[in-house]
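Subject: Structure for your files

Hello,

Here is the structure I said I would pass on. Please look through it first; my notes on what was found follow below.

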Amino acid sequence: MAGHPENGKIKYPLRVKMLALVLTAMLPLLGIAIYLIAALVDYRNVYDSIVSNMTVANNYNLDFKDEMDESIYKLVVGYVSFDNIHEDVTLKNPYSLIDELRAEFTNLMGITTDRESRVWLQSLLRNIDTLEDRVDDIRINVEQGGRYDENVKMLDNNIYILTELIQDDIQYYIYYQTRSIERLSAQLNKQVSSFIMLCVVLVAVIVTGVVTITLLLLKSITNPLEKLCRITGQISNGDFNVRAKINTMDEIGILSDSVDNMTEKLEIMVKQIKDDERKMRHAELRLLQEQINPHFLYNTLDTIIWLIEGNDTDRAVSMVVSLSEFFRLVLSKGKEYITIREEELHIRSYLEIQQVRYRDILDFGIHISPEIYDYRILKLTLQPLVENSLYHGIKYKRAKGKVTVEGRKEGGCIHFSVEDNGVGMDVGELAKLREEIARPCKETEKGFGLANVNERIRMNFGMQYGMEIHSVKGEGTRVDITIPSQRLDNPAREETENG
């Protein structure tokens, strides 16, 4: 109840009430800000640690096997000896390489917390010990002399195999560290969800406090303010079209003008918040579609280097051109929509790159009707499907396979199919994959790329569009995509003519 003047004093000063109102709003906001900062700092520290571990492992993944194999080979053939190998700047002492590798990965063992990654680190350290034993055997044979054939046999049957195993261990370690980053991202998403819920509760508490204090103030205000009370009640219920319009030419009039201004701003802010939420959702999905597997880039660059070293410059140049075209279309100047012609160029560049790497097992055909070239499509719609066919269909076939991409227009829709003659799926696997792609891509355990494509299509075009998967074990898999036929220069107009 509002205070009345007594002996020249106000029982409940308005500034005290306003201070209580400010504290009601600020203290919860301060608490949530501290929580958010602490969560982000923790996430950054863990992320930096994993990236540092992967950087160390990747350095050895690229160099260790080649350096060790070359050094041991030249020791066996007598090009250098264990005593003078340090004089050759192109070679490294095998024991130095082993000690350096053991030291780095022993240190990683001490700081790596992921269980799967530690398993591969333990395997790697055991292989390092075995490799050191085999190097000891070769050194004894070299010092005794006359055992060249035995050393060559040990080189082929032991050294090369062990360095290959060590390289595999490093690659698996990098793989599971990458998985750790994915789990960390999922944990961050969970924290964001908790943060949103906390904000909802916080807003409810703040609104409750503000309304309570406001009601106490309104009880001591005369008739003009009763109208403001009704107006503010309507505003608090979400009606931002009401206006007080009290022209008393006094403080109440000023308050009325302030309420009107506040209502206008709240209406703008609510619309802005809704737009921001929609933009954030689109930005998140655009971020997902921009993710390019770094191993694809590493392997492609390795293949280009291999072609150059083999003096196959024409194929190397062709592969560089395809790679450049691939990333140019991925970026697309930040556009979310591109033409079907550009999407075809994108998947063609991708398949041409992969065909060089998997020339013994991969063939492809692209049959997209030229009449739909100028229609629009979400960027990175077909490439994840082609990639899925290669890595989950053709690659496990252990024989040459083919990926076929088709596109045509029927009535007001455009239909695409990506088909492979790979290993296919049985009924249970197909049912599980269909269930996964029907869920939001954040909640999927498998088929993340397919779920992402399906979710983006439905979010941008409607639930009647999307993806269907058909597969037969041992025969192959076909993924069908349906989108509306909309020209890029006029996306608001959807063609509905038949034929």
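**Overall make-up**

Of the contacts in the protein with a separation of 6 or more, 69% are between residues 24 or more positions apart. Please keep in mind that this is a predicted model. The protein has 499 residues, and 38% of them count as buried. Its secondary structure comes to 12 helices and 9 strands.

**Nonpolar cores**

The largest nonpolar core has 49 residues. Phe416, Met467 and Ile469 are the residues with the most contacts inside this core. Helix α9, which runs over residues 340–357, supplies the largest share of the core, namely 6 residues. A second core is separate from the largest one and has 31 residues, among them Phe105, Leu121, Leu131 and Tyr173.

Which residues does Met467 touch, leaving out those up to four places away in sequence? They are Leu385, Ile437, Leu450, Val453, Asn454, Val479, Asp480 and Ile481.

**The open sheet**

Five strands form an open sheet in the order β4-β6-β7-β9-β8, and the pairing is mixed. At the edges stand β4 (362–368) and β8 (466–472); each has a single partner strand, so one side of each is left without a neighbour in the sheet. From one strand to the next, the twist averages 10°.

Within the sheet, β6 (residues 401–410) and β7 (residues 413–420) pair in the antiparallel sense, over 8 bridges. One position to look at here is Thr404, which stands opposite Glu419 in β7.

**Helix α11**

Helix α11 covers residues 427–437, and its buried residues are Leu430, Leu433, Glu436 and Ile437. Seen down the axis of α11, these buried residues fall within an arc of 125°, so they line one face of the helix. Ile437 also appears among the residues that Met467 touches. The face of α11 turned away from the buried side carries Val427 and Glu435, which are exposed.

At the start of α11, Asp426 has a side-chain oxygen that reaches to within 3.2 Å of the backbone nitrogen of Gly428.

Where should you start when you open the model? I would suggest the core around Phe416, Met467 and Ile469, the residues with the most contacts inside the largest nonpolar core, and then helix α11 with its buried residues Leu430, Leu433, Glu436 and Ile437.

Regards

Conventions. Residues are numbered from 1 along each chain as its sequence is written. This is a predicted model: local features need pLDDT of at least 70, side-chain atom pairs count only at pLDDT 80 or more; totals for chains, interfaces and linings use all residues. Side-chain values use heavy atoms; hydrogens and water are left out. A nonpolar core is a set of buried Ala, Val, Leu, Ile, Met, Phe, Trp, Tyr and Cys residues joined through side-chain atoms within 4.5 Å. Buried means under 20% relative accessible area, exposed over 50%, partly exposed in between (1.4 Å probe, protein chains only). Helices (H or I, at least four residues) and strands (E, at least two) are DSSP runs, numbered from the N terminus. Contact means heavy atoms within 4.5 Å. The arc is that of the directions from the helix axis to the C-beta atoms. A polar contact is a pair of N or O atoms within 3.5 Å; within protein, one must be able to donate a hydrogen and the other to accept it, and residues adjacent in sequence count only if both atoms are side-chain atoms. Two strands pair if DSSP finds at least two bridges between them. Axes are lines fitted to C-alpha atoms, for helices over the stretch in contact, and angles run from 0 to 180 degrees between N-to-C directions.
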